[in-house]
Amino acid sequence: AALQDPLTGLPNRLLLLDLVDQALGRSRRHPDYLFAVVVLNLDRFHLVNDGLGHTVGDQLLIAVAQRLEPCFRSVDAFARMSGDEFGILLDDISNISDALRVADRIQQHLATPFKIGSEEIFTSGRIGIALSATGYESAEDAVRDATLALHRVKSGTAVRHEVFDPVMHRRAHARLQLE
């Protein structure tokens with residue numbers, strides 16, 4: 001139970017990090033092995049909690065988890081990391097196109113409104129992607145970079161997903177130093 005999210009029944013952040021660490025081990029042993037870490041954040045989720053209450057917000061998170069689970073293969077891991085943030089390990093992919101297809105599939109699955117009680121709730125998501133080819137030392141670094149890509153999406157245009165670029169990390173580090 002310590003590795004499972006009590007609300008959605010999905011793996012939690014700790015288990016996802018452990019699985020990403022295992023994938024990092026595989027990538028060190030097999031140079032052609034590729035995986036991606038994907039971080040999904042629901043748009044306007046706080047409005048659901050504020051306007052309809054946390055019970056409806058919880059029911060929405062459960063519904064999102066159930067609706068998105070079919071987007072992934074059995075070798076992938078889909079986890080609730082915190083609040084309205086989900087993490088996905090796309091294991092043993094061929095190239096970045098595989099991760100982009102999954103991101104598009106997630107967006108398509110979120111496009112249909114959710115029926116929670118008498119409410120019809122429209123939501124969408126922003127997605128950050130980190131590819132193992134970047135050369136990570138730890139699972140935390142891969143999740144950090146997927147989250148950085150996610151924040152770039154959230155602060156930008158109508159783009160729904162972004163792939164991490166090492167320049168993003170350098171900018172974030174420089175901004176921190178400046179502050």
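In the predicted model, the side chains of strand 1 alternate: Ala36, Val38, Leu40 and Leu42 point one way from the strand, Val37, Val39 and Asn41 point the other way, and all are buried. Strand 1 spans residues 36–42, and 7 of its 7 residues are buried, so the strand is largely enclosed by the rest of the structure.

Strand 1 has a pairing partner in strand 3 (residues 85–90), with which it forms 6 bridges in the antiparallel sense. Within strand 3, Gly87 stands opposite Val39. Strand 1 also pairs with strand 6 (residues 125–131), again in the antiparallel sense, here over 7 bridges. The bridge partner of Asn41 in strand 6 is Arg126. Strand 6 in turn pairs with strand 7 in the parallel sense over 3 bridges, and Gly128 has Glu162 of strand 7 as its bridge partner.

These pairings belong to an open sheet of 5 strands in the order 2-3-1-6-7, with mixed pairing. Strand 2 (77–82) and strand 7 (161–163) stand at the edges; each has a single partner strand, so one side of each is left without a neighbour in the sheet. From one strand to the next, the twist averages 20°.

Helix 4 packs on this sheet and touches strand 1, strand 3, strand 6 and strand 7. The direction of helix 4 makes about 165° with that of strand 6. Helix 5 (residues 139–154) lies across strand 1, strand 2, strand 3, strand 6 and strand 7. Relative to strand 6, helix 5 runs at about 140°.

Helix 4 (residues 96–111) also packs with helix 3 (residues 54–68), at an angle of about 130° and with the two axes 10 Å apart. Angles that are neither under 35 degrees, nor over 145, nor from 65 to 115 count as oblique; helix 3 and helix 4 are therefore oblique to each other. The crossing of helix 3 past helix 4 is right-handed. Val64, Arg67 and Leu68 of helix 3 make the contact with Ile106, His109 and Leu110 of helix 4. By class, the residues of this contact divide into 4 nonpolar, 1 polar and 1 charged.

Terms used:
Residues are numbered from 1 along each chain as its sequence is written. This is a predicted model: local features need pLDDT of at least 70, side-chain atom pairs count only at pLDDT 80 or more; totals for chains, interfaces and linings use all residues. Side-chain values use heavy atoms; hydrogens and water are left out. Axes are lines fitted to C-alpha atoms, for helices over the stretch in contact, and angles run from 0 to 180 degrees between N-to-C directions. Helices (H or I, at least four residues) and strands (E, at least two) are DSSP runs, numbered from the N terminus. A crossing is left-handed if the near helix is turned anticlockwise from the far one by less than a right angle, and right-handed if clockwise. Contact means heavy atoms within 4.5 Å. Ala, Val, Leu, Ile, Met, Phe, Trp, Tyr, Cys and Pro count as nonpolar, Asp, Glu, Lys and Arg as charged, and the others, Gly among them, as polar. Buried means under 20% relative accessible area, exposed over 50%, partly exposed in between (1.4 Å probe, protein chains only). Two strands pair if DSSP finds at least two bridges between them.
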